[in-house]
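Work through the exercises below with the model open beside you. Try each task before reading its solution.

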Amino acid sequence: FFFLMIRRPPRSTQSRSSAASDVYKRQVFQVITVPHARFTRKKDDLYTKVDLTLEEALLGFYKEIEHLDGHFVKLEREGVTQPGEVEKVVGEGMPQHEYSSQFGDLFVEYVVKFSERFTDEQLSLWEQFFRD
């Protein structure tokens with residue numbers, strides 16, 4: 001949705017006597033938008049998902065994500081982050097149409113990725129932790 005491609009139909013066969021302004025009035029443009037790999041947009045707000053390891057979800061983390069214009073947005077949390085929890089980063093969305101100095105917000109959904117394999121020792125520690 002952030003890549004904008006404008007197609008102009010092939011020039012029609014108009015006589016040389018047509019005024020230039022008439023040519024512009026008759027042109028039709030087709031606008032095609034392409035989804036972005038990381039962000040989705042709703043009005044002036046942006047939405048994205050960030051993967052966390054189990055360790056990061058339980059103990060906290062520091063991450064940076066690259067914004068559309070190349071600057072980095074810092075995400076830092078201490079303690080537990082719930083799977084599916086959404087953090088609002090004020091002012092990191094898209095510029096507002098009428099007021100380009102004002103921005104929407106960025107909503108970050110945290111996705112906790114669990115390891116598919118644990119060692120016997122790790123499983124034993126998990127068991128001990130949850131049974132105490």
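**Exercise 1: a pair of strands**

In this predicted model, strand 5 (residues 60–66) pairs with strand 6 in the antiparallel sense, and the pairing runs over seven bridges.

Task: find which residue of strand 6 is the bridge partner of E64, and then describe the hairpin and the two faces of strand 6.

Solution. Begin with the bridge: E64 has K74 as its partner in strand 6. Next, follow the hairpin of strand 5 and strand 6, where five residues lie between the strands and G70 takes a positive phi near 100 degrees. Finally, sort the residues of strand 6 (residues 72–78) by face, which puts V73, L75 and R77 on the covered face, whereas F72, K74, E76 and E78 belong to the uncovered one.

**Exercise 2: a nonpolar patch**

Task: state which residues make the nonpolar surface patch of about 290 Å², and explain why L58 counts as partly exposed.

Solution. The patch is made by L58, L59 and V80. Of these, L58 is found in helix 2, which covers residues 54–59. Its relative accessible area is 39%, and L58 is therefore partly exposed, because that class lies between the limits of 20% for buried and 50% for exposed.

**Exercise 3: the whole chain**

Task: describe the order of helices and strands along the protein chain, and give the share of its residues that count as buried.

Solution. The protein chain has three helices and eight strands, and along the sequence they follow the pattern β-α-β-β-β-α-β-β-β-β-α. Of its 132 residues, 21% count as buried. The accessible surface comes to about 10,700 Å², with 52% of it belonging to carbon and sulfur atoms.

Definitions and conventions:
Residues numbered from 1 in each chain as written. Predicted model: local features only at pLDDT ≥ 70, side-chain atom pairs only at ≥ 80, totals over all residues. Heavy atoms only, no water. Patch = residues over 30% accessible without salt bridge, like charges linked within 9 Å, V, L, I, M, F, W, Y side chains within 5 Å. Areas by Shrake-Rupley, 256 points an atom, 1.4 Å probe, with all protein chains shown as cover. Salt bridge = Lys/Arg side-chain N within 4 Å of Asp/Glu carboxyl O. Helix = DSSP H or I, 4+ residues; strand = E, 2+ residues; numbered from the N terminus. Buried < 20%, exposed > 50% of the residue type's maximum accessible area, 1.4 Å probe, protein only. Pairing = 2+ DSSP bridges.
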